[in-house]
Amino acid sequence: MHVRPAKFFDENGRRLDGRLPDEMRPVEMKVGVLRNADGSALVSYGKTKVLAAVYGPREPSQRYTVLPDRASLFVRYHMAPFSTEERKSPVPTRRETEISKVLREALEPVVITDLFPRTAIEVYIEVLQSDGGTRTASATAASLALADAGIPMRGLVAGVAVGKVDNVVVLDINEPEDNFGEADMPVVAAPDLGLITLFQLNGVMTAEDVQRGLDMALKAISEVVEKEKQTLRSSVEEVEVE
Amino acid sequence: MSYTPYRVPVLSKIRSRNLISLYKKGIRSDQRDFMTPRNISVQLGVIDKADGSAWVRLGNTQVLVGIKLEVGTPYRDTPNEGVLQVNSELAPVASPTFEPGPPDENAIELSRVIDRSLRDPKAVDLGSLIIRPGERAWVLWIDVYVLDYDGNYFDASMLGVLAALMNTKVPDYEETESGEIIIDRTKGSPLKLNRRVVLVTSAKIGDIILIDPNLDEELLADSRMVLAFDEQGTVVGMQKTGLGGYTRDELMKIIDMSRKVSQVYFKLLDQALQNAGSQQR
């Protein structure tokens, strides 16, 4: 277990890693990183690093899950044993089960599942390194991997977690801010649709903080989705040049 | 792994259309307005073998909560606190769509939403549950049993948890010279609570927001928002659940609506607790 930092801000109002309260960590993304998967993406938010792979639409491995009018979406969020400070057992925890559910529900509103009845679209997410904001980076990676797989979507999604530390609302929290802050509020949204598809709060916040945090998150999400579009566009252009 | 639910009760097209045309007139099938939760009734201490228990009804949704205290070891990072554990079961008795087996993602989500809403605002005084710092502490097991499901097990379960916590007695104990802890469950003192918390769930059906959805309303809903409030109206937890999404303005409106309803829940619960002693099953 880490020790609580003595303070979260220096005299210039900068955070432990030198960022301002409304500043994101450097975001990097790459698609088509796996050969076997129909779509894949590697995304990092600072030290948080997430890999997503998409298989499908294909025949579901468990027949009873078939839906007659649309594709079923399968989502598995999983943390690699070496992704955390102390080794994490690879056995799925209750936390991973819940995050898999909320991520599926964050993706379902944008995936056009009714084009592929009786099939499964499977999204496998592996957190390779965790430094706060893994579920939101996972949403970004999943969105890219789905698009890379050519799955029709109403819009791209991206995620970012806002938090509250030492009474200040901050964007894109890292691990110490998550562990020792007052609140953690992950948000996933599809900016082109004006739709928030994942929204949670773990901690204590006033309604004004929620509003400020949400607006901060939505602005950052729009920027990440723009970056997703650039990444996808340049991945397609590369193929055409060949 | 999480997959799109395939075992969902079906609502006929004609009933769906009927209900939606009612909502457009501002009416719900059970005559409530959009902001009004269903009636609450509570029975306390229904399980003698538990250290605290409550059987709660929210309309036709019924939840039984049992609380047990066991002697265990505190977590390494909180050597001066007792341990809080929340587990919930969507028992197959409650609905034709609930399956036997270990808790599924819905039951796990329910447990974790309740756990966070109690833990983050420090609702239970865990410091009062330490026996010997770093070595021995009470483990507070909260087990939530959904018995009959007519929508909104989130709010009903949290009301049950709150009532059961208020009904819980921490047993007396003696330490022997060898350090053994002898529990005497015939005597005890009330569990200390720092704050009381309720959950307020709303369903979004098209652009309509309904508080405390019944089963039909949950089936029609695009998605649901679950908000946790303390008695001061501070937000102490949130969870969006279901397949749809929200606009920013909808969320801000829901927070406002739900806060008002949280005060109604506290009032209804206190009334139900006053009547709890004289209630007959």
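Strand S2 (residues 40-44) of chain B pairs with S3(B) in the antiparallel sense, over five bridges. The model is a predicted one. One pair of residues fixes the register here: Leu44(B) has Ala54(B) of S3(B) as its bridge partner.

S3(B) also pairs with strand S4 (residues 61-72) of chain B. That pairing is antiparallel too, and it runs over seven bridges. Ser53(B) finds its bridge partner in Gly66(B) of S4(B). S3(B) and S4(B) form a hairpin with two residues between the strands. In this hairpin Gly59(B) takes a positive phi near 60 degrees.

How many residues of strand S3 (residues 52-58) of chain B are buried? Seven of the seven are, so the strand is largely enclosed by the rest of the structure. Both faces are covered. On one side sit Gly52(B), Ala54(B), Val56(B) and Leu58(B), all buried. On the other side Ser53(B), Trp55(B) and Arg57(B) are buried as well.

Now turn to the sheet that involves both chains. It is an open sheet of six strands with mixed pairing. Its order is S1(A)-S2(A)-S3(A)-S5(A)-S4(A)-S1(B). Which strands lie at the edges? They are strand S1 (27-31) of chain A and S1 of chain B, each of which pairs on one side only.

Within this sheet, strand S3 (residues 48-58) of chain A and strand S5 (residues 120-129) of chain A run antiparallel, joined by eight bridges. Ala52(A) stands opposite Ile125(A) in S5(A). At the chain boundary, S4(A) and strand S1 (residues 2-3) of chain B run antiparallel and are joined by two bridges. Val75(A) has Ser2(B) of S1(B) as its bridge partner.

The contact between the chains takes 36 residues from chain A and 32 residues from chain B. On the side of chain A that touches chain B, four elements each supply at least two residues: strand S4 (72-79), helix H1 (94-107), strand S9 (195-205) and helix H4 (207-241). S9(A) gives the largest share, 11 residues. By class, this side of chain A divides into 18 nonpolar, 11 polar and seven charged residues.

Helix H1 of chain A deserves a separate look. H1(A) has 14 residues. From its first C-alpha to its last it reaches 20 Å, close to the 20 Å expected at 1.5 Å a residue. H1(A) is mostly covered, with 12 of its 14 residues buried. Among them are Ile99(A), Val102(A), Leu103(A), Ala106(A) and Leu107(A). Charged side chains are not excluded from the list: Glu96(A), Glu98(A), Lys101(A), Arg104(A) and Glu105(A) are buried too.

H1(A) also meets helix H2 (residues 105-119) of chain B. Two packed helices are described by the angle between their axes and the distance between the axes. Here the axes come within 9 Å and cross at roughly 110 degrees. Angles of 65 to 115 degrees count as roughly perpendicular, and H1(A) and H2(B) are therefore roughly perpendicular to each other.

Which residues make this contact? From H1(A) come Arg94(A), Thr97(A), Glu98(A), Ser100(A) and Lys101(A). From H2(B) come Glu105(B), Ile108(B), Glu109(B) and Arg112(B). By class, the helix contact has one nonpolar, two polar and six charged residues.

Note on methods. Residues are numbered from 1 along each chain as its sequence is written. Chains are lettered from A and ligands numbered from 1 in the order in which they are written. This is a predicted model: local features need pLDDT of at least 70, side-chain atom pairs count only at pLDDT 80 or more; totals for chains, interfaces and linings use all residues. Two residues are in contact if their C-beta atoms, placed from the backbone, lie within 7 Å. Two strands pair if DSSP finds at least two bridges between them. Axes are lines fitted to C-alpha atoms, for helices over the stretch in contact, and angles run from 0 to 180 degrees between N-to-C directions. Angles under 35 degrees count as roughly parallel, over 145 as roughly antiparallel, 65 to 115 as roughly perpendicular and the rest as oblique. A residue is buried if 20 or more other C-beta atoms lie within 10 Å of its own, exposed if 12 or fewer, and partly exposed in between; C-beta atoms are placed from the backbone. The expected span of a helix is 1.5 Å times one less than its number of residues.
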